[in-house]
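Reader: I would like to go through this model step by step, from the open and enclosed spaces to the sheet and the cores. Could you take my questions in that order?

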Amino acid sequence: QPTRLPDAALPGVAGAPGADPADLNGVWTLVYAGPAACDEACGEALYAMRQSRIAQRRDMTRVERLWLVTDGGAPDAALLEAHGTLRVARAVPGWLELLPGAEQGVHVFIVDPRGHVMMRFPARPDVALVIRDLQRLLKFSGVG
């Protein structure tokens, strides 16, 4: 069942602007939740999100990426620079509970333009599958 995310604003991390739900309204959002110390699985998730967005070509402006940092740390500056427009925000109460498995930092989620969590990919997602699913959503979606 799609679950609506809270309307609570998310504070930015490491000097990045926060994520206000209004900013994500009207776009598809790829969300990863995990600690600031980005391990190999985190790196693969962020890579899959970046490549999936780029692969949408002219529709890539319809896709945002959000990393919810689940601890008090700050991600490595070089990592953030490599991922360009990735939004990085601190997870607040209410968000992680609506993202099943997010507290373990193992999934990439797709949030629709109305703020509903509607899909999740397994740990170490297959980039080609994420791209294909996102292309279908963008093609057949009447919103975002």
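**Spaces, sheet and cores**

Reader: In the lining of the largest pocket, how many residues are nonpolar, how many polar and how many charged?

Author: The model is a predicted one, and its largest pocket holds about 190 Å³ of space. Of the 17 lining residues, Arg 4, Pro 21, Leu 24, Asn 25 and Gly 115 are the closest to the centre of this pocket. Sorted by class, the lining has 4 charged, 3 polar and 10 nonpolar residues.

Reader: Which element gives the largest share of the lining of the largest pocket?

Author: Two or more lining residues come from each of two elements, helix 1 (21-24) and strand 2 (28-34). The largest share, 3 residues, belongs to helix 1.

Reader: Which residues lie closest to the centre of the largest cavity?

Author: The structure holds 1 cavity of 30 Å³ or more, and the space in the largest cavity is about 40 Å³. Its lining comprises 8 nonpolar, 2 polar and 1 charged residues. Of these 11 lining residues, the closest to the centre are Ala 41, Ala 45, Val 106, Ala 123 and Arg 124.

Reader: In the open sheet of 6 strands, which strands stand at the edges?

Author: The sheet is open, its pairing is mixed, and its strands follow the order 1-6-5-2-3-4. A strand at the edge has a single partner strand, so one of its sides is left without a neighbour in the sheet. The strands to which this applies are strand 1 (3-4) and strand 4 (87-90).

Reader: Do strand 2 and strand 3 run parallel or antiparallel, and what is the bridge partner of Gly 34?

Author: Strand 2 is joined to strand 3 by 7 bridges, and the two run parallel. Within this pairing, the bridge partner that Gly 34 finds in strand 3 is Val 69.

Reader: Which residue of strand 5 stands opposite Leu 30, and which residue of strand 6 stands opposite that one?

Author: Strand 2 pairs with strand 5 in the antiparallel sense over 4 bridges, and strand 5 (residues 108-111) is joined to strand 6 (residues 116-121) by 4 bridges, again antiparallel. Opposite Leu 30 in strand 5 stands Ile 110. Opposite Ile 110 in strand 6, in turn, stands Met 119.

Reader: Which residue in the turn of the hairpin has a positive phi?

Author: The hairpin is formed by strand 5 and strand 6, with 4 residues between them. Val 111 of strand 5 stands opposite Val 117 in strand 6. In the turn, a positive phi of about 90 degrees belongs to Gly 115.

Reader: How many residues of strand 2 are buried, and which of them point the same way as Trp 28?

Author: Strand 2 is mostly covered, with 7 of its 7 residues buried. Thr 29, Val 31 and Ala 33 point one way from the strand. Pointing the other way, together with Trp 28, are Leu 30, Tyr 32 and Gly 34.

Reader: Is the aromatic pair stacked, edge-to-face or tilted?

Author: A search of the whole structure finds 1 aromatic pair. It brings together Tyr 32 in strand 2 and Trp 67 in strand 3 (residues 63-69), so it ties together parts that are 35 residues apart in sequence, and both residues are buried. The ring centres are 6.4 Å apart and the planes stand at 55 degrees, so the pair is tilted.

Reader: Which elements each supply at least two residues of the largest nonpolar core?

Author: This core has 22 residues, and those with the most contacts inside it are Leu 30, Tyr 32, Leu 46, Met 49, Trp 67, Val 88 and Ile 110. Apart from it lies another core, of 18 residues, including Leu 24, Leu 66, Leu 99 and Ala 102. For the core of 22 residues, the elements are strand 2, strand 3, strand 5, helix 2 (40-54) and helix 4 (127-140).

Reader: Is Arg 57 buried or exposed?

Author: Arg 57 lies in the loop between helix 2 and strand 3, and its phi is positive, about 45 degrees, although it is not a glycine. The cut-off for the exposed class is over 50% relative accessible area. The relative accessible area of Arg 57 is 65%, which makes this residue exposed.

How values were computed:
Residues are numbered from 1 along each chain as its sequence is written. This is a predicted model: local features need pLDDT of at least 70, side-chain atom pairs count only at pLDDT 80 or more; totals for chains, interfaces and linings use all residues. Side-chain values use heavy atoms; hydrogens and water are left out. On a 1 Å grid over the protein atoms alone, a cavity is a set of points where a 1.4 Å probe fits but cannot get out, and a pocket is an open set with protein on both sides within 12 Å along at least five of seven lines; lining residues have an atom within 4 Å of a point. Grid points are joined across faces, edges and corners, and a volume is the space filled by probe spheres set on the points. Ala, Val, Leu, Ile, Met, Phe, Trp, Tyr, Cys and Pro count as nonpolar, Asp, Glu, Lys and Arg as charged, and the others, Gly among them, as polar. Rings of Phe, Tyr and Trp (its six-membered ring) pair if their centres lie within 6.5 Å; planes under 30 degrees apart count as stacked, over 60 as edge-to-face and the rest as tilted. Buried means under 20% relative accessible area, exposed over 50%, partly exposed in between (1.4 Å probe, protein chains only). Two strands pair if DSSP finds at least two bridges between them. A nonpolar core is a set of buried Ala, Val, Leu, Ile, Met, Phe, Trp, Tyr and Cys residues joined through side-chain atoms within 4.5 Å.
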